[in-house]
Structures are given as C-alpha cells and as structure tokens.
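Colleague: Please take a close look at one helix for me, and then connect it to what lies around it. Spell out the cut-offs as you go.

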Amino acid sequence: MAAIITGLAISLAACCRAAVDGETWMDNCEYGCTYRKGALCQCNRGCVHYHDCCKDYEEKCGSGPSPAPSPTPGPLPPSGPKGGPEQLHLALGEDPSVVTVSFVSSKAFPKCQCSLADAQSKKIIASFAGDTSQYTDGNWIGLMHVVRMDGMQADTTYSYTCDDSKTFYTFRTAPVVGTLPVTIAAVADLGEDCDRVGCGNATIAALAADTSYSMLVHAGDLAYTHGHPMIWDNFMLEMQPITTRVPYMVCVGNHEHYFNFSGYRSRFNMPGSLAKANQNLWYSFDHGGVHWAAFSTEHDLEMQTAWLEMDLKTADANRAKVPWVVVFAHKPLYCSTNDYYDCRVGAEKIASVIEPLLKKYKVDLMLAGHLHNYERSWPVFGGNVTAKSYVDPQATTHIIIGGAGDDEGLTDRWLTPPDWSATHDGKDVGYARLHFENATIMKFDYVHSASGKVADSFTIVRSVAPSMTKAKLVV
Ligand SMILES: [Fe+2]
C-alpha cells in the first residue's frame, strides 16, 4: 500500500500539488476531490465535493459497490437520551393488524410496554409488553425498547402511549392489503436540522405539516451521524412528530456504516422474519395495493439476489391483488452528475446484478438516493429507453430522491443529460409523494420542501389492470 500511495502522490503532484507528509487529504485534480491518504478505499466518503471520487478508486479498492470498511470514529464523549420515552417511531407489522413502536430512554422501566387507546376517549384498549436492549457503541448510554402492538382493525385510527409518557400519539393502521388508493411520502439523504443551505430542516417541517400520506419511506442515509450517536438522538427527536403518526420504513445507506451499521440495526424494527434476522438490511412488505422491497447497496448484492428474485417473483404473481411493485435502496442504478464512482462505476455494478430482476418481474419504480438531488428517468433497461412515455411502460422508472437535505448540501453538477434522463433538480430540497390511485394509475409528485410547490410530476398509466392482463394472456 505504501508504494501505491507514493506513486499516486507523484502523479497527482504533476497536475495539482504534491502530498505533504502528515497531511490528511490529497487532491485529485481531475475530479476535483480529495481523499484520505491512509484509507484509500474511503475516498468516496472523504471527497470535499460530496461523492466526487478518485479516478483510481477501482484500481486501488477493488470492485464496488460496498467499498468502505466500517469506520469507527475516535473516542467520543458519553451521550444518550435524557429521560424518555423519546424518539418514538412506528413501523408497519407483518399485516395491518400489527404496528411496532420503537423508542429509547435513559432509564429502565419496570415493564417495557405501550398501551393502545381509543382515539377519541383515550380509554385504554390493550397493553403490550416489549423488549429492552442496551446499546453502547460510540459511548452511547441508554436503552432501546421495542413493543409490538397487534389485534387492531385495518384502516382505523388509534391512540397509544408508552411507559411513563404522559403523551398520547395518534396513528392510523394500514389498509387491508390490496386496498387502493394509498399515498406515501419518500425521501433519501435526509439529515438532522443544521444551519447550512441545503439542510433537512425544511423537509422535516414539510413532512410534519403534510397529512396526505400514510407512510414515510426513507431510502438510506438517515441521520448523517458522522459516527456520533447523539446525532441519531437529535434526528429521531426531530422526526418524532412524523414517525409517531405514520410508519417510518427505512433502508440502509453508506452513512449508517459506523460501528458496522449497529446504530441502524438497533434502532429500527422493520417487518417480517427476514428483517428481524438481518436487522433491517433487506426485507419487503405490502402496504395497501403496493409491494415494497428494500435491499442494501452497502452489502454484497450477490447474497441478496436469491431472496430478491424470490420476493419479486412472488409479488409479480400477486399483481391481481397487489398491483404495484416498488423497490427502494440507497444507491442508484442510474444517475447523471459528474460523480465518478457513483454514476460511472457504482451504478453500473449495481445495475448488472439488480436490473435484470427489475425487468424480469416488471418492477414499476426504483427509488434511490445517495446523490443529493432529484432525477427522474424514462422507463429504461440497460441504458436504453423503452419509450419516452409512462403509458404502459415496458421497463422500470428510476427516481433519485436524495435531495431531502442534509449537512453536506445539494449536488448540482450535471453531465450532459443521457437519453434516459427525463429531468433533474439539484437546486431545492424536496421530497416525493406517490399516489397509487388504483390498479392502473400512479401519480408521482416531487415537492419542494420550503415552498410546497410541486416541482415535477408524472403519472404511470396502465391501459389494462394486471388482473385483466393475466386473463387476456390466458385467452
Ligand atoms: Fe449516500
């Protein structure tokens, strides 16, 4: 490794400036980025301009898309919740009768529990005991609790309260599987409140004010902790007005790397036995008439493909009941900024494994983030647009929703738009709102968080509903 660093320093010196002994960062002129000398495989993380990357990334670090070893920050001061229960957040259960509540506290409760109440009278209907676990990575001092509430009616409003909280929160259970319409909100790369332009403040406020959606999807890079678990606490407190009201369904991104993703794996409780076994890294669920599958771009894709293929195959066979299929993950298959690794290396590597499955099982939408902007594709496969229309699309539409806002700011450095790229936006923070009207119409809006303006909109239209397609094929 030492020889590589020396050689690289010489070549870079010719175009930019020589690396100085003891200097943490080196410049790479061609891509306008810097990276850590001592951790070349993390160059993608260390670039001054977010997600620019070293042109020699692959040569030095091998194939992606899971390049960085799990980073561990230096010694951190103790942090954790003060009191609690706090940072409450809901997740869907395995069916509409089940909801999971997760929260943290500094103190142990005699019994970890939440109580379900009538939404109007607040009369307690049932109480549910949960589990408590300790978490100490990053010198975090506190307890994590999870309570599974079940036996509820679908599409019904309830209240609940947990342990010695004096607060009742109100939420609505998911509709019966197969029911449409449903409206959901989706973000990626949303971090805690901060003072810089492009932070997530406006998006968190907008999501809290928007009562039109029944579930929030977050496609990775959740809190931008930079390894400090107290930022998890800050972020989850800021999100609490949203996550106590609607299920918060997440997948893992590169900013969850710290301590082997343990903050992410410990704080969330996604539905199903697979999510429980792998601690939320890849899993799927049905919400109304939409099937959702989440995979991890931060882990070996090959070990997820057998599951993903089986899941999408099952979902595709169930279209008569659940007509729409959406996949979400953190890093995209398509992007067109000048981020060398993400858009020219990583995206192709992810696509080589995942895209055949999206095509084979006719996945309607692929949501991703990682790039801090918004970009919508035409229906596309293998880089080729099947039609510049969303009427009866013959391939998946890919959308980057990474412009929600975080302390790294927005990415607005675009290449000449490829043929597959329908539109992009890197100037305003925003979030997505997806309205699945019925089996044949899905309307997608990209909303600017500060103004509430719908900045982009498109509608997928099927001329024939999936169930009727099947009948027609038989004939
Ligand atoms: Fe990311």
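**Helix α8 and its surroundings**

Modeller: Q304, L308, D311, L312 and A315 are the buried residues to look at in α8. Buried means 20 or more other C-beta atoms within 10 Å of the residue's own; exposed means 12 or fewer, partly exposed is in between, and C-beta atoms are placed from the backbone. This is a predicted model, where local features need pLDDT of at least 70 and side-chain atom pairs count only at pLDDT 80 or more, while totals for chains, interfaces and linings use all residues. Numbering starts from 1 along each chain as its sequence is written.

The helix itself covers residues 302-317, 16 residues in total. From first C-alpha to last, α8 reaches 23 Å, close to the 22 Å expected at 1.5 Å a residue. The expected span is 1.5 Å times one less than the number of residues. Helices (H or I, at least four residues) and strands (E, at least two) are DSSP runs, numbered from the N terminus. An α-helix has 3.6 residues a turn, so residues three or four places apart point the same way.

What do the buried residues of α8 pack against? The partners are three strands, β14 (283-287), β15 (290-294) and β16 (324-328), and one helix, α9 (340-360). Contact here means C-beta atoms, placed from the backbone, within 7 Å.

Now K313, also in α8. K313 has 13 other C-beta atoms within 10 Å, so it counts as partly exposed. Its C-alpha is 6.0 Å from that of Y361, although the two positions lie 48 residues apart along the chain count.

Next, follow β16 into the core. F328 falls within the β16 range, 324-328. F328 is among the residues with the most contacts inside the largest nonpolar core, together with A186, L367 and I401. That core has 117 residues. A nonpolar core is a set of buried Ala, Val, Leu, Ile, Met, Phe, Trp, Tyr and Cys residues joined through C-beta atoms within 7 Å. At least three of its residues come from each of domain 2 (86-172) and domain 3 (182-474). Those bounds come from an automatic or database domain assignment. Leaving out residues up to four places away in sequence, F328 touches V217, A219, C251, W292, A294, L367 and A368.

G369 comes next, in the loop between β17 (365-368) and β18 (374-377). G369 counts as buried because it has 31 C-beta neighbours inside 10 Å. Setting aside neighbours within four places in sequence, its contacts include A188, A219, G220, H330 and I401. P332 is 37 residues away in sequence, yet its C-alpha is 6.4 Å from that of G369.

A219 touches F328 and is also in contact with G369. A219 sits within β12 (residues 216-219). That strand belongs to an open, mixed sheet of six strands, ordered β13-β12-β11-β23-β24-β25. The edges are β13 (248-251) and β25 (454-461); each has a single partner strand, so one side of each lacks a neighbour in the sheet. Neighbouring strands are turned by 20° against each other on average, direction ignored. Strands pair if DSSP finds at least two bridges between them.

At one edge, β12 and β13 pair in the parallel sense over four bridges. L216 stands opposite Y248 there. At the other edge, β24 and β25 pair in the antiparallel sense over seven bridges, and V447 stands opposite V454. Their hairpin has five residues between the strands, and G452 takes a positive phi near 75°.

Helix α4 (residues 201-209) lies across β11 (182-187), β12, β23 (430-436) and β24 (441-448) of this sheet. It runs at about 30° to β23. Axes are lines fitted to C-alpha atoms, for helices over the stretch in contact; angles run from 0 to 180 degrees between N-to-C directions.

Set α8 beside α6 (residues 258-267). Seven of the 10 residues of α6 are buried, including Y258, F259, F261 and Y264. Their cover includes β4 (99-105), β7 (131-135), β8 (142-149) and α5 (229-243).

For the whole picture, the chain has 10 helices and 25 strands. Of its 475 residues, 51% count as buried. Among contacts with a separation of 6 or more, 67% join residues 24 or more positions apart.

Technical notes: Two residues are in contact if their C-beta atoms, placed from the backbone, lie within 7 Å.
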